[in-house]
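Q: I am new to this structure and would like a careful, close look at a single part of it, with its surroundings brought in step by step. Could you start from one place in the chain and build the picture outwards from there?

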Amino acid sequence: MTKLRLGTRGSALALAQARAVASLLHEDAELVTITTAGDVDRARGDKSRWVGALEAALLAGEIDLAVHSAKDVPSDLAPGTEIVATPRRADPFDVVVGDLREGARVGTSALRRRSQLLARRPDLDVVEIRGNVDTRLAKREAGEVDALVLAAAGLARLGRDVGSKLVDDVFVPAAGQGVIAVQGRIGTAAPGVDHPATHAALDAEREVVRALDASCHTPIGILSLEGRMRGYVGMPDGSEWILEEGADASELTRRLLAAGAEELLRAVSA
């Protein structure tokens, strides 16, 4: 019997996520490791650099399903494909690993995290730091930074129980954070994998991002949790920001736009 082929990046976190999906499937699966543009050069391009090669393999029939971190999946998927399943969401929030003393040097590559940190702590020295989770942790241990901001879900999936969670105020996570997205050709099934509530939350978060025409170059956080949605839009330096709530994607989008999100996003991209 032919095994279902799951395409994945080759990082430790990506492989952990793909194995989690494989364990839920009702049929045997094999992992197919694919190198993406993001693996080759983390510093260039947009979200498509993490998923483009996987989508190409999917459309070419080289894999049956592609496994992604949902927060890395662009708003527009490759034609003929869809997100066919999402396992139950892990912790969606960020954590701080290290000491946020006054003037601390904090490492992150995300504009959203930079914006939120500086919105609440303008004394911090937020610097760009790249690499996978273990690489970033090693850089902190080596003294390159005093602290890191990382996704709680990624740390948990790698068995790293470190950090203090950022759950209040402006600290709204990226749309899809903590969610594994399984992409397939339209009509493909992934029996046993989908968690409907997680899938609905992801769809709602992606709807707001799409409505605001946001991208990975935009300091924006969107979270659907326990029947409510929260949204954050800010300047990269934290000097201006908007925080709103809504019952669903439509209401949250309206509230963000009414509060000036469109003008703020235009200023960010100018």
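**From one loop to the sheets**

A: Aspartate 169 is found in the loop between strand E9 and strand E10, the latter covering residues 180-185. The model in which we see this loop is a predicted one. The phi angle of aspartate 169 is near 60°, which is a positive value in a residue other than glycine. Aspartate 169 counts as partly exposed because its relative accessible area of 32% falls between the 20% limit for buried and the 50% limit for exposed.

Going back from this loop to E9 leads to a sheet. Five strands make up this open sheet, in the order E7-E6-E8-E5-E9, and their pairing is mixed. Its edge strands are E7 (125-127) and E9 (164-166), each of which pairs on one side only. From one strand to the next, the twist averages 30°. Within the sheet, E6 and E7 pair in the parallel sense over three bridges, and glycine 107 has valine 127 in E7 as its bridge partner. Helix H5, residues 133-141, lies across strand E5 (94-98) and strand E8 (147-151), and runs at about 165° to E8.

Just after E6 comes another loop to consider. Threonine 108 lies between strand E6 (105-107) and helix H4 (111-120), and with a relative accessibility of 2% threonine 108 counts as buried, since the limit for that class is under 20%. If neighbours within four places in sequence are set aside, threonine 108 is in contact with Arg113, Arg114, Val126, Val127, Glu128, Ile129 and Val149. Threonine 108 and arginine 136 are 28 residues apart along the chain, while their C-alpha atoms are separated by 9.0 Å. As for helix H4, seven of its ten residues are buried, so H4 is largely enclosed by the rest of the structure; the buried residues of H4 are Arg112, Arg113, Ser115, Gln116, Leu117, Leu118 and Ala119.

A positive phi outside glycine can be followed to another loop as well. Glutamate 226 lies in the loop between E11 and E12, with a phi near 55°, again a positive value in a residue other than glycine. Glutamate 226 is classed as exposed because its relative accessible area is 78%, where the class begins over 50%.

The strands on either side of glutamate 226 belong to an open sheet of three strands, ordered E11-E12-E13, in which the pairing is antiparallel. The edges are formed by E11 and strand E13 (241-246), each pairing on one side only, and the twist averages 10° from one strand to the next. E12 and E13 pair in the antiparallel sense over six bridges, and methionine 229 stands opposite glycine 246 in E13. Helix H7 packs on this sheet, where H7 touches E11 and E12, and the direction of H7 makes about 150° with that of E11. Helix H8 packs on the sheet too, touching E11, E12 and E13, with its direction at about 150° to that of E13.

These two helices also pack on one another. H7 (residues 196-211) and H8 (residues 249-258) meet at an angle of about 35°, their axes being 9 Å apart, and their crossing is right-handed. On the H7 side, Ala204, Glu207, Val208 and Ala211 take part, and they meet Ala249, Ser250, Leu252, Thr253 and Leu256 of H8. Sorted by class, this contact holds six nonpolar, two polar and one charged residues.

Helix H7 can be followed a little further. The 16 residues of H7, at 1.5 Å a residue, should span 22 Å, and the end C-alpha atoms of H7 are indeed 22 Å apart, so expectation and model agree. Buried in H7 are Thr198, His199, Ala201, Leu202, Ala204, Glu205, Arg206, Val208 and Val209. The buried residues of H7 pack against strand E4 (81-85), strand E11 (220-225), strand E12 (228-234) and H8. After H7 comes aspartate 213, whose phi is positive, near 55°.

Conventions: Residues numbered from 1 in each chain as written. Predicted model: local features only at pLDDT ≥ 70, side-chain atom pairs only at ≥ 80, totals over all residues. Heavy atoms only, no water. Axes fitted to C-alpha atoms, helices over the stretch in contact; angles between N-to-C directions. Helix = DSSP H or I, 4+ residues; strand = E, 2+ residues; numbered from the N terminus. Left-handed = near helix turned anticlockwise from the far one by under 90°. Contact = heavy atoms within 4.5 Å. Nonpolar A, V, L, I, M, F, W, Y, C, P; charged D, E, K, R; others polar. Expected span 1.5 Å × (residues − 1). Buried < 20%, exposed > 50% of the residue type's maximum accessible area, 1.4 Å probe, protein only. Pairing = 2+ DSSP bridges.
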